[in-house]
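Welcome! Please load the model in your viewer, switch on a cartoon view, and keep the selection box at hand. We will walk through it stop by stop.

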Amino acid sequence: RESRTRGIVPCAYSQPMRDALLRRADLERTMESALEQGEFFYLIQPKYDVEGRRVLGGEALVRWRRPDEGIVGPDEFIPLFEQNGFILRLDEFVLESACRDLRARLDAGLPVVPLSVNVSRRHLHRDDFLPSYVRIKDRYGIPDGLCELELTESIVMDDLGGTFDIMEQMRAAGFRCAIDDFGSGYSSLNVLKSLPADVLKLDRGFLLEGTSPGTEETVVRTVITMAKDLRMDTVMEGVETPKQLAFLRTTPCDMVQGFVFSRPVTPEEFYRLLDTGK
Ligand code: C2E
Ligand code: MG
Ligand code: MG
Ligand code: MG
């Protein structure tokens with residue numbers, strides 16, 4: 001009665017919080033066996049030229065097929081796995097899967113394009129990060145430049161000096177290096193100038209309708225033009241509409257990754273797209 005009059009909930013956790021904790025415990029309890037049972041897999045989202053005629057690359061994106069539940073997306077488990085460290089094994093699993101499929105294509109004499117994987121911030125603080133990535137790439141004999149590692153802008157901004165060193169080492173080891181979600185945080189054009197990256201991926205937030213139309217377009221055009229001057233490949237992420245496409249065609253943007261052309265698809269579908277164009 002006391003708590004009711006004060007408006008205080010008389011239990012430790014609210015129902016939504018309890019549900020979230022149970023969910024989390026369930027995901028953590030099952031993650032190891034899920035990896036062994038083959039419940040994790042990856043999709044590839046194609047990156048097209050701005051006209052949508054050619055597939056120029058792809059991004060590997062992890063999924064979890066849970067029995068009795070269906071497919072769960074990374075937003076639900078990546079933050080948890082980053083906390084408990086399981087992301088280290090999952091990221092390597094995605095890299096290895098992508099390399100294995102690339103190897104099969106190379107062996108069959110079929111065309112390939114650079115494929116990117118996302119690298120969690122947890123890797124960057126480990127001495128064995130790059131050696132183990134190189135080991136996987138070499139085990140499948142992937143030629144330099146075919147495998148690209150995406151680091152988010154926020155990872156880079158956390159420790160500019162440290163990340164720059166790692167990026168240089170990645171490139172020396174034959175990986176291409178991409179900055180993911182550029183423009184989602186607080187990096188400046190000054191940082192852009194010194195980034196040792198091969199690819200700049202502009203965050204899809206740039207394309208969301210802002211308060212003053214036109215302003216965002218100027219920013220996007222400026223960033224893309226600058227990145228091109230700095231000899232980086234540019235990718236616009238999250239392109240959904242023909243109107244956004246029409247705008248990007250007036251910029252020197254190299255690649256478009258978004259639902260307007262394709263959602264993430266299975267590796268089989270991706271390579272079929274690459275072979276047939278449809
Ligand atoms: P990201 O690396 O920025 O990947 C792009 C995300 O945007 C993907 O979501 C993709 O499906 C989505 N997307 C693509 N085009 C569009 C569009 O036109 N509209 C909208 N609304 N969304 C679009 P997804 O697959 O759910 O992945 C979410 C995030 O999870 C990724 O963002 C990445 O940060 C992380 N992630 C995914 N796979 C992995 C992985 O294997 N390892 C790690 N460490 N992180 C991963
Ligand atoms: Mg990415
Ligand atoms: Mg992104
Ligand atoms: Mg993102």
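## First stop: paired strands

Select Ser116 and then Glu148, its bridge partner in strand 5. Helices (H or I, at least four residues) and strands (E, at least two) are DSSP runs, numbered from the N terminus.

Before going on, two notes on what you are looking at. This is a predicted model, where local features need pLDDT of at least 70 and side-chain atom pairs count only at pLDDT 80 or more, while totals for chains, interfaces and linings use all residues. Residues are numbered from 1 along each chain as its sequence is written, chains are lettered from A and ligands numbered from 1 in the order in which they are written, and side-chain values use heavy atoms, with hydrogens and water left out.

Now colour strand 4 (residues 115-118) together with strand 5: they run parallel and are joined by 4 bridges. Two strands count as paired if DSSP finds at least two bridges between them. On its way between these strands the chain passes through helix 5 (residues 129-139), and strand 4, helix 5 and strand 5 make a right-handed β-α-β unit. Right-handed here means that, with the strands pointing away from you, the path from the first strand over the helix to the second runs clockwise.

Is strand 5 mostly covered or mostly open? Select residues 147-152: 5 of the 6 residues are buried. Buried means under 20% relative accessible area, exposed over 50%, and partly exposed in between (1.4 Å probe, protein chains only).

Add strand 6 (residues 176-182), which pairs with strand 5 in the parallel sense over 5 bridges. In this pairing, Glu150 has Ala178 as its bridge partner. Keep Glu150 selected for the next stop.

## Second stop: two magnesium ions

Which residues hold the magnesium ion (ligand 2)? Show Glu59 (OE), Asn118 (OD1), Glu150 (OE) and Asp180 (OD): these protein donors lie 2.0 to 2.2 Å from the ion. Donors are N, O and S atoms within 2.8 Å of the metal (3.2 Å for Na, K and Ca); water is not among the atoms, so sites may look incomplete. Glu59 in strand 2 (residues 55-66) and Asn118 in strand 4 are 59 residues apart, so this pair links distant parts of the chain. Glu59 is buried, with a relative accessible area of 3%, whereas Asn118 counts as partly exposed at 26%.

Next, click on Asp180, which bridges the magnesium ion (ligand 2) and the magnesium ion (ligand 3), 4.0 Å apart. For the magnesium ion (ligand 3), the protein donors are Asp180 (OD), Asp181 (OD) and Glu237 (OE), with Glu237 (OE) listed twice, at 2.1 to 2.4 Å. Asp181 lies in strand 6 and Glu237 in strand 8 (residues 233-237), so they tie together parts that are 56 residues apart in sequence. Compare their surroundings: Asp181 is partly exposed at 24%, and Glu237 is buried at 10%.

## Third stop: an aromatic cluster

Select Phe40, Trp64, Phe77, Phe81 and Phe86, which form one aromatic cluster. Rings of Phe, Tyr and Trp (its six-membered ring) pair if their centres lie within 6.5 Å; planes under 30 degrees apart count as stacked, over 60 as edge-to-face and the rest as tilted.

A search of the whole structure finds 12 aromatic pairs. In one of them, Phe40 and Phe86 are tilted, 6.3 Å centre to centre with 50 degrees between the planes. Phe40 lies in strand 1 and Phe86 in the loop between helix 3 (74-84) and helix 4, so the pair ties together parts that are 46 residues apart in sequence. The rings of Trp64 and Phe81 are also tilted, with centres 6.1 Å apart and planes at 40 degrees. Both Trp64 and Phe81 are buried.

## Last stop: the nonpolar core

Which residues touch the most other members of the largest nonpolar core? Of its 76 residues, they are Phe40, Phe81, Leu195 and Leu200. Such a core is a set of buried Ala, Val, Leu, Ile, Met, Phe, Trp, Tyr and Cys residues joined through side-chain atoms within 4.5 Å. Helix 4 (residues 87-107) gives the most to this core, with 8 residues.

Finish by centring on Phe81. Leaving aside neighbours within four places in sequence, Phe81 is in contact (heavy atoms within 4.5 Å) with Met31, Phe40, Trp64, Phe86, Ile87 and Leu90.
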